[in-house]
Structures are given as structure tokens and as C-alpha cells.
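Q: Hey, got a minute to go through this structure with me?

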Amino acid sequence: MTIPFQIKSTIDLRRSTRSYKMNGVEKDALDTIKDFAKSLSVPFDHNVEIKFFNADPTKTLYLLMTSPPDNIAFMAETDIISISKTGFIGELLVLFAESKGLSTCWYGHYKLSELERLMPHLQTPEQIKESNAGYGYSKGVTTGRRAICISPLGYYETGGLRLMDRFQNRTSSFKRKEIKELLENHDDYGKLSDDILYALDLGRKAPSAANSQMWRFAFEDSFKTITVAMPVGYKHFKWEHPNIDIGICACHVWLGLIDKGFNPNVTVSDDSGRAVWRISI
């Protein structure tokens with residue numbers, strides 16, 4: 001499978017951005033990204049939809065960040081598998097946008113009523129009440145298709161960064177656990193091929209809520225299958241939907257194997273309320 005951007009360099013450069021210039025994305029660049037969203041191909045069935053919408057330059061939608069004109073919503077049902085597939089597919093678009101010189105940031109805690117005003121998508125007005133204190137869509141499975149996450153899409157504005165954002169860009173945005181720390185069985189490390197280690201290295205660089213890196217890697221079929229999942233019983237202290245992050249990480253691992261010349265098979269299943277991805281070579 002051909003990926004239309006440099007995989008490793010794009011992943012290495014990608015950072016979550018919370019400060020944007022207030023000019024819209026140039027039409028040619030935006031059309032290229034929309035075309036990619038329409039033609040995006042992954043090795044599993046899904047019904048994730050990517051919607052583009054415009055926002056006002058206020059802090060209403062993102063609360064602590066002023067919205068740039070252009071934004072993206074990742075739409076799906078709210079079961080665990082659909083949520084995790086949203087992370088996988090959305091990250092492909094995020095990385096493609098990065099390769100075109102644009103910045104993004106995954107947001108699950110958006111103002112639902114403001115999103116509904118800007119991009120009507122709910123079946124009934126009562127569904128706004130299902131959000132978590134007005135932010136995001138819900139704490140659990142709910143009816144209909146929702147914006148699982150949204151993201152600004154625009155140009156990075158260094159001058160607008162708050163002190164905390166500058167600190168994160170210099171420190172925590174670059175910090176990741178080592179591969180061995182992320183293995184379910186640390187003794188597996190010495191048995192891994194260079195190609196598998198390469199893919200896991202890209203996986204560990206995936207973005208996650210509060211940089212929590214909640215994924216763990218395990219292996220099946222004599223190390224020909226990589227599994228990506230949260231530990232059984234994992235609960236994030238703040239983020240209700242960490243299976244999105246697991247899908248994002250699985251996307252990075254898949255891309256790493258493609259970068260090494262493989263055409264991996266990919267499946268995802270629900271195991272005790274957590275998405276378990278299996279990526280096989």
C-alpha cells in the first residue's frame with residue numbers, strides 16, 4: 001500500500017498545536033486534504049466520516065483556545081470499536097495535514113452546543129444533554145452518530161502560545177516511554193526484529209490524552225502479530241474515551257510496518273470494554 005507522505009519524518013515532526021493564525025487554510029491545500037479524506041483507504045471496514053466545518057474566532061468551542069476558521073470533525077457511532085477506528089482513521093488525516101504544513105490537535109472536550117450550532121449533526125436537541133458537563137458527546141455508548149473528536153486545522157502561531165504550551169512543546173510533547181516499558185512482557189524485547197522495533201517506535205510516538213501513553217504491546221504467532229491495547233481495567237483519570245488513543249497508536253504501528261515494505265493485515269475486537277488491535281505481517 002502506498003502512503004502519500006513520508007511516514008517517519010511526518011510522525012517525528014507532528015505536535016499538538018493550541019495556537020493558530022486566524023487566516024483560513026489556502027484553498028488548494030484545503031482541497032488536497034478534502035480529496036485525501038474522500039479517498040482514504042484502510043485495511044478494515046468502517047463507517048467513520050470526516051466533516052470539515054468553519055468556526056468563529058472565539059474560545060467557545062475549544063474553551064482555552066481560539067478557534068481558527070477551518071476545523072475537522074470525526075464522526076462515528078459511539079461503541080468501543082467505532083471509537084477506536086475513529087482514532088486510526090483520523091490520525092491518517094492528521095498526519096497528511098502535517099505533511100502539507102498544517103497543524104492540528106485532537107479534542108474530545110469540545111463544547112457540544114457550539115459544535116451543533118456550527119455543524120448541525122445531532123438527531124434531536126435533547127442529545128446535547130447527554131454530553132459530559134456540556135463538553136464532548138457522552139461518557140458511554142449513546143444513540144446515533146456523533147462527533148467523537150474534533151480538531152482545528154490551520155497554521156501554527158508561535159506568538160500566541162501560552163507559557164504552559166511553550167513548556168510542553170520543549171519538554172513533555174517530546175517525551176515518550178521507551179519501547180520496553182510499553183511491552184506487556186518486558187522479556188519479549190530481545191526477541192523482536194528490527195522491523196518490529198521500528199514500527200513500535202513509531203507507535204510509542206502517537207499522541208494521547210495528557211501524554212499518558214496508555215497502550216501496551218504484545219505479540220502472537222511467533223511475533224508476526226502485534227497487539228495494541230490498554231491494560232485490562234485501565235481508566236484514565238480525565239479522558240473517558242482512551243480507545244480513541246489506542247486506534248491512533250495502532251495507526252502509527254501499521255504505518256511503521258508499511259514503511260518497512262510490509263502489507264499488514266489489521267483487525268480490531270472488543271475485549272472487556274477495550275479495543276484490541278491485531279496487526280499481522
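What follows is a chat about strands, helices and empty spaces.

Q: What kind of model is this, and how are residues numbered?
A: It's a predicted model, where local features need pLDDT of at least 70, side-chain atom pairs count only at pLDDT 80 or more, and totals for chains, interfaces and linings use all residues. Residues are numbered from 1 along each chain as its sequence is written, and side-chain values use heavy atoms, with hydrogens and water left out.

Q: Cool. What's the strand order in the open sheet of 3 strands?
A: The order is E1-E2-E3, with antiparallel pairing. Strands (E, at least two residues) and helices (H or I, at least four) are DSSP runs numbered from the N terminus, and two strands pair if DSSP finds at least two bridges between them.

Q: Which strands stand at the edges?
A: Strand E1 (49-54) and strand E3 (146-152); each has a single partner strand, so one side of each is left without a neighbour in the sheet. From one strand to the next, the twist averages 25 degrees.

Q: How many bridges join E1 to E2?
A: There are 6 bridges between E1 and strand E2 (residues 70-76), and the two run antiparallel. Lys-51 stands opposite Ala-73 in E2.

Q: Which strands does helix H3 lie across?
A: Helix H3 (residues 80-99) lies across E1, E2 and E3, at about 150 degrees to E2. Helix H2 (residues 27-39) lies across E1 and E2, at about 155 degrees to E1. Those angles run from 0 to 180 degrees between N-to-C directions, using axes fitted to C-alpha atoms, for helices over the stretch in contact.

Q: Ser-82 then: buried or exposed?
A: Ser-82, which lies in H3, is buried because its relative accessible area is 12%. Buried means under 20%, exposed over 50%, and partly exposed in between (1.4 Å probe, protein chains only). Not counting residues up to four places away in sequence, Ser-82 touches Asn-47, Val-48, Ala-76 and Glu-77; contact means heavy atoms within 4.5 Å.

Q: New topic. How many residues of E5 are buried?
A: 5 of the 5, so E5 is largely enclosed by the rest of the structure. Thr-225, Thr-227 and Ala-229 point one way, and Ile-226 and Val-228 the other way.

Q: Which strands does E5 pair with?
A: E4 is joined to E5 by 5 antiparallel bridges, with Arg-216 opposite Ala-229. E5 also pairs with strand E7 (residues 274-280) in the antiparallel sense over 4 bridges, where Ile-226 has Ile-279 as its bridge partner.

Q: And the hairpin of E4 and E5, which residue takes a positive phi?
A: Asp-221, with phi near 55 degrees; the hairpin has 4 residues between the strands.

Q: What does H6 pack against?
A: The buried residues of H6 pack against helix H1 (7-13), strand E4 (216-220), E5 and helix H7 (243-259). In helix H6 (residues 194-204), 9 of the 11 residues are buried, so H6 is largely enclosed by the rest of the structure.

Q: Last one: what's the volume of the largest cavity?
A: About 50 Å³. Residues including His-109, Tyr-137, Trp-239 and Glu-240 line the largest cavity. On a 1 Å grid over the protein atoms alone, a cavity is a set of points where a 1.4 Å probe fits but cannot get out, and lining residues have an atom within 4 Å of a point. The volume is the space filled by probe spheres set on the points, which are joined across faces, edges and corners.

How values were computed:
1 Å grid on protein atoms, 1.4 Å probe; cavity = no way out; pocket = protein on both sides within 12 Å on 5 of 7 lines; lining within 4 Å.
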